[in-house]
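Me: Could you walk me through one part of this structure slowly? I'm in my first year, so please explain the terms as you go.

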2 protein chains.
Amino acid sequence: MEKLIAENDCRACMHRWENFKTLTDEQKQLISEHRYEANFKPGEIIFKKGSPTSSVIFLVSGMAKVFLEGLDGKNIIISIAKPGMMISGPGTYGDLRHHFTLTALTNVKACFIDMLVMKQLVHLNSSYAEGLISDISKKSLLMYYKLIGLTQKKMPGRLADAILYLANQIYESDEFDIILNRQELGEFTNMAKESVIRILKDFEDDGLITSNCSRIKILDKPKLQRVSENG
Amino acid sequence: MEKLIAENDCRACMHRWENFKTLTDEQKQLISEHRYEANFKPGEIIFKKGSPTSSVIFLVSGMAKVFLEGLDGKNIIISIAKPGMMISGPGTYGDLRHHFTLTALTNVKACFIDMLVMKQLVHLNSSYAEGLISDISKKSLLMYYKLIGLTQKKMPGRLADAILYLANQIYESDEFDIILNRQELGEFTNMAKESVIRILKDFEDDGLITSNCSRIKILDKPKLQRVSENG
DNA sequence: CAAAAAAGATGATATATATCACTTTTGAGT
DNA sequence: ACTCAAAAGTGATATATATCATCTTTTTTG
């Protein structure tokens with residue numbers, strides 16, 4: 001019960017953010033005074049590429065997809081956001097516009113914090129500033145490896161990466177109900193949905209996974225890791 | 001003459017960095033006291049992926065390539081560094097290791113500044129910290145568009161992008177001696193060197209450019225831009 | 001300056017992957 | 001429970017692009 005309340009409380013959620021620790025009580029209070037919550041249904045846009053970066057967002061509950069809107073309406077999903085994550089893009093300290101779109105995959109409760117308050121913290125607290133730099137750097141690093149993966153690995157390697165990412169980073173379990181459909185799995189791995197389906201089937205035939213529509217179970221993780229590494 | 005001296009002086013070089021303006025004289029002095037210079041010949045490694053991030057680098061003169069070392073020795077050139085640029089990677093505020101390699105393309109004079117000093121500045125000067133965040137964000141943004149370009153554009157579009165990048169950002173002229181060979185142009189655009197050669201020839205046949213080995217001249221920039229946008 | 005090495009160029013072939021057209025299954029709403 | 005729309009799945013075909021083999025040109029170096 002206690003856990004449930006914590007899960008749904010905006011303030012509790014922010015505590016999960018690594019960088020929150022660097023703030024004084026006063027600074028935490030400052031954030032609390034400038035936050036508001038909003039709920040989203042699956043498919044709803046939380047923020048859209050091109051719109052002003054007026055707030056920074058914490059995901060309180062639910063899952064969302066972060067994606068680049070590419071050419072001819074082709075998207076690239078760059079990550080899945082889950083509770084406790086702070087989401088802010090590179091436009092926050094640039095043109096003040098979002099450069100990716102954030103869409104709810106499930107019911108989502110999000111906590112919006114005024115961007116000006118968050119920016120103030122950089123000036124008030126240098127440890128926070130350092131933490132923020134570290135945070136942005138980590139995301140930048142992910143993009144490097146995403147770029148290598150998407151341009152240099154073949155389809156089975158990319159799909160294996162996606163499955164391992166979901167299992168390890170998102171669901172923290174080797175069996176899960178995937179919230180991405182085949183199309184979205186394609187947007188995450190840069191492949192056509194038909195190819196996702198075919199290779200998923202190959203994985204099943206090879207005994208790497210079982211996949212019943214939305215449910216995926218990893219049967220042979222070491223082998224899946226090898227597929228990820230070799231192609 | 002005066003210009004030449006300025007070009008080759010480490011301190012003068014840093015002044016070109018946008019974020020340098022935010023520093024006090026005392027802080028500028030601090031940097032000056034912790035810098036040292038080194039010279040590199042074409043092909044020499046300035047820093048290598050995996051090595052410790054002990055310094056931040058300013059390019060005083062010459063050009064260098066920033067590249068990711070991908071799978072099976074296949075590289076991805078992410079940018080060309082030219083004088084006045086501050087080069088530091090996402091590992092600086094993370095695992096303290098470089099995640100890309102920096103190699104001299106011409107004779108290079110580089111100015112190394114102790115990383116600890118640079119990190120100290122984040123704590124001493126919040127405007128500097130904000131500038132650094134802005135700097136990192138800008139680089140992150142470039143990676144987004146690089147990812148879209150490399151995964152969604154076809155070869156002619158990617159190669160057009162590369163030529164426009166070199167003309168607009170690097171040489172600031174529509175005619176230039178390219179310091180990247182065909183292999184490297186391929187590493188920049190994610191294509192085989194043979195494909196670079198073929199499409200470069202197509203561009204010539206279509207009157208977009210002239211290309212005599214290392215010299216490239218853009219003849220029809222609007223058309224080249226259209227190639228960049230449409231594929 | 002000649003020899004060797006590196007880079008550029010070219011054509012033939014192989015292959016990974018997208019696209020298209022279609023069928024089947026699943027799930028949501030009345 | 002029935003209907004309809006969306007998602008999943010399948011096979012045939014098209015295509016962008018890499019790879020390989022080979023040759024030529026340019027650059028480097030003893």
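The part I'd like a close look at is the protein surface near DNA strand C, along with whatever helps me place it.

Reply: Before we zoom in, you should know that this is a predicted model, where local features need pLDDT of at least 70 and side-chain atom pairs count only at pLDDT 80 or more, while totals for chains, interfaces and linings use all residues. Residues are numbered from 1 along each chain as its sequence is written, chains are lettered from A and ligands numbered from 1 in the order in which they are written, and side-chain values use heavy atoms, with hydrogens and water left out.

Let's start with the two protein copies. A turn of 180° with a shift of 0.0 Å along the axis lays chain B on chain A with an RMSD of 0.0 Å (the fit is by least squares on C-alpha atoms of residues with pLDDT of at least 70 in both copies). The two copies are thus related as by a two-fold rotation axis. They also meet through the same surface, because 100% of chain B's interface residues are interface residues in chain A too.

Now for your spot. There are 15 residues around DNA strand C, and Arg158(A), Ser195(A), Arg198(A), Arg182(B) and Arg198(B) come nearest ("near" asks for a heavy atom within 4 Å of the strand). On the DNA side, sugar and phosphate make up 59% of the strand C atoms that come within 4 Å of the protein.

Which elements give at least two residues each to the surface near strand C? They are helix 6 (155–171) and helix 8 (193–205) of chain A, plus helix 8 (193–205) of chain B. (Helices are DSSP runs of H or I with at least four residues, strands are runs of E with at least two, and both are numbered from the N terminus.) Helix 8 of chain B provides the largest share, 4 residues. Sorted by class, you get 4 nonpolar, 3 polar and 8 charged residues. Asp, Glu, Lys and Arg count as charged, Ala, Val, Leu, Ile, Met, Phe, Trp, Tyr, Cys and Pro as nonpolar, and the others, Gly among them, as polar.

Look at individual atoms next. Ser195(A) has a polar side-chain atom 2.8 Å from a phosphate oxygen of DNA strand C. With Met155(A), a polar backbone atom is 3.1 Å from a phosphate oxygen of that strand. Arg198(B) reaches a base: a polar side-chain atom lies 2.9 Å from a base nitrogen of DNA strand C.

Turn to DNA strand D and you'll meet familiar numbers with the chain letters swapped. Here Arg182(A), Arg198(A), Arg158(B), Ser195(B) and Arg198(B) come nearest, out of 15 residues around the strand. Sugar or phosphate accounts for 63% of the strand D atoms within 4 Å of the protein, and bases for the rest. Helix 8 of chain A gives the most residues to this surface, 4. A phosphate oxygen of DNA strand D is 3.0 Å from a backbone N or O atom of Arg182(A), and another pair puts a polar side-chain atom of Ser195(B) 2.7 Å from a phosphate oxygen.

Between those DNA-facing helices of chain A sits a small strand worth a glance: Asp177(A) is found in strand 9 (residues 175–177). Its relative accessible area of 42% makes Asp177(A) partly exposed (buried means under 20%, exposed over 50%, partly exposed in between, using a 1.4 Å probe and protein chains only). Asp177(A) and Ser214(A) are 37 residues apart in sequence, yet their C-alpha atoms are 5.4 Å apart. Their side chains share a polar contact of 3.2 Å, and the side chains of Asp177(A) and Arg215(A) share one of 2.8 Å. (A polar contact is a pair of N or O atoms within 3.5 Å; within protein, one must be able to donate a hydrogen and the other to accept it, and residues adjacent in sequence count only if both atoms are side-chain atoms.)

Finally, look away from the DNA. The largest nonpolar core has 49 residues, and Ile46(A), Ile57(A), Ile78(A), Ile46(B) and Ile78(B) touch the most other members. (A core is a set of buried Ala, Val, Leu, Ile, Met, Phe, Trp, Tyr and Cys residues joined through side-chain atoms within 4.5 Å.) Ile78(B) has contacts in both chains, including Tyr144(A), Leu147(A), Phe67(B) and Phe188(B), leaving aside neighbours within four places in sequence (contact means heavy atoms within 4.5 Å).
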